[in-house]
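Here is a short tour of the empty spaces in a protein model, followed by one helix pairing. Please keep the viewer open as you read.

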Amino acid sequence: MVADNGDEPDDDNNKLTLHVPETSHQISTDSWFQAGFVLTTGINSVFVLGYSGTIMVPLGWVGGVVGLLLATAISLYANMLVAKLHEFDGRRHIRYRDLAGQIYGREAYYITWALQYVNLFMINIGYLILGGSALKAFYVLFNEEHTLKLPHFIAIEGVVCILFAISTPHLSSLRIWLGCSTVLSLIYIIVACVLATKDGLNAPPRDYTIHWTSTTSRIFSTIGASANLVFAFNTGMLPEIQATVRQPAVKNMLKALYFQFSVGVVPMYAVTFIGYWAYGSSTSTYLLNSASGPLWVKASANISAFLQSIIALHIFASPAYEYLDTKFGITGSALKVTNIAFRILARGSYLTISTLVSAMLPFLGDFESLTGALSTFPLTFILANHMFLMAKKNKLSSLQQSWHWLNVGFFALMSVAATVAGIRLIIVDSKEYHIFADV
């Protein structure tokens, strides 16, 4: 895909007409429904088993419920802004960095690229930790000696993810796997909801008090939980998903977003609220660890969570794979020996590094907070509002422009505060636990 090759930047406004390279992956092939399922797979991934503990416990009923509803609304709004810019200036921008570069210039292209890959790398770390936790939870159901520890299961998760990445060349090839992901998600969500409901009905009154050791802890925990809220709903790779959608790309992507933020959020709401209702402030950051029930039921849910994390990770790793494949000119059949060898080397290296970091620092809630702070706030809220403002400023009223500036300022402050809170949480937990901890 080429956009006006050879044009020079406009010196008056420092805009850059970017050369957008051809992609080695498929574009414009998928229906809005498939894109909706990709988005819904992300929102109902194995991460939902942690939201009772990472969102509701630090925020309580009022803060958690109101926060989730507000996060749903503002996330839909921000993603709609990005989707409407997909064909800005008569070009189809198939990558987030291409869109930012077209609006702002070369520096923004690289800054957005860095932010996005930090975001996706951190999300993948979360999937590796959660997948390893699910596999460990399955293991302890059948083994009382607990010889293997969490880092071992994260390593196993990493190996399986490498094998899946090698065999699944691009995002559009996930078609049948998205159906499998939906079934797997339904299994662990339904099991978690049923077991938690049973436990809640049979348990004495729960403690829903928000426990803080100090005012400082209260402030940082609340800010960190707010970052978890926005992390729950946003991918940081909407243009890459939209690139796979058939024309009309904007209209179809809006349909996919409506699907994600209506039908798609229901399972997440259910498991988050039921989990917190059942266990209160003692809710685990991996809900199935709090639930009691038949061994085979918990085993099936944990295995489903493990397998779903592999599919979901591939979605969020796909922009990195697309860059590498395109950069090194990987074309033709996915079964070519050279293409397979390249995927083994490139994707295997990427996932090996991710797995090592995950095993060293397996503090899931902390990584959710830091991811939301470092990249979800800037990519989804700050950039979305400012790009829309820059692209449409001649068509916006002064009131509309003020609204977008207000959003930019507010979310910039939230991003800074949440970054400090996330780093503090990781430092505190790093002091409490050694590297490769069995948490």
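## Ground rules

On a 1 Å grid over the protein atoms alone, a cavity is a set of points where a 1.4 Å probe fits but cannot get out, and a pocket is an open set with protein on both sides within 12 Å along at least five of seven lines; lining residues have an atom within 4 Å of a point. Points are joined across faces, edges and corners, and a volume is the space filled by probe spheres set on the points.

The model is predicted: local features need pLDDT of at least 70, side-chain atom pairs count only at pLDDT 80 or more, and totals for chains, interfaces and linings use all residues. Residues are numbered from 1 along each chain as its sequence is written, and side-chain values use heavy atoms, leaving out hydrogens and water.

## The second largest cavity

There are four cavities of 30 Å³ or more. The second largest has a volume of about 100 Å³. Its lining has 15 residues, with Gly42, Phe231, Ala232, Asn234 and Phe316 nearest the centre.

## The second largest pocket

This pocket holds about 310 Å³ of space. Among its 16 lining residues, Leu70, Ile74, Val230, Phe410 and Phe411 are closest to its centre.

## A helix crossing

Helices (DSSP runs of H or I, at least four residues, numbered from the N terminus) supply the last stop. The axes of α6 (residues 175–202) and α11 (residues 295–327) come within 8 Å and cross at roughly 140°; axes are lines fitted to C-alpha atoms over the stretch in contact (heavy atoms within 4.5 Å), with angles from 0 to 180 degrees between N-to-C directions. That makes α6 oblique to α11, since angles under 35 degrees count as roughly parallel, over 145 as roughly antiparallel, 65 to 115 as roughly perpendicular and the rest as oblique.

Terms used:
Helices (H or I, at least four residues) and strands (E, at least two) are DSSP runs, numbered from the N terminus.
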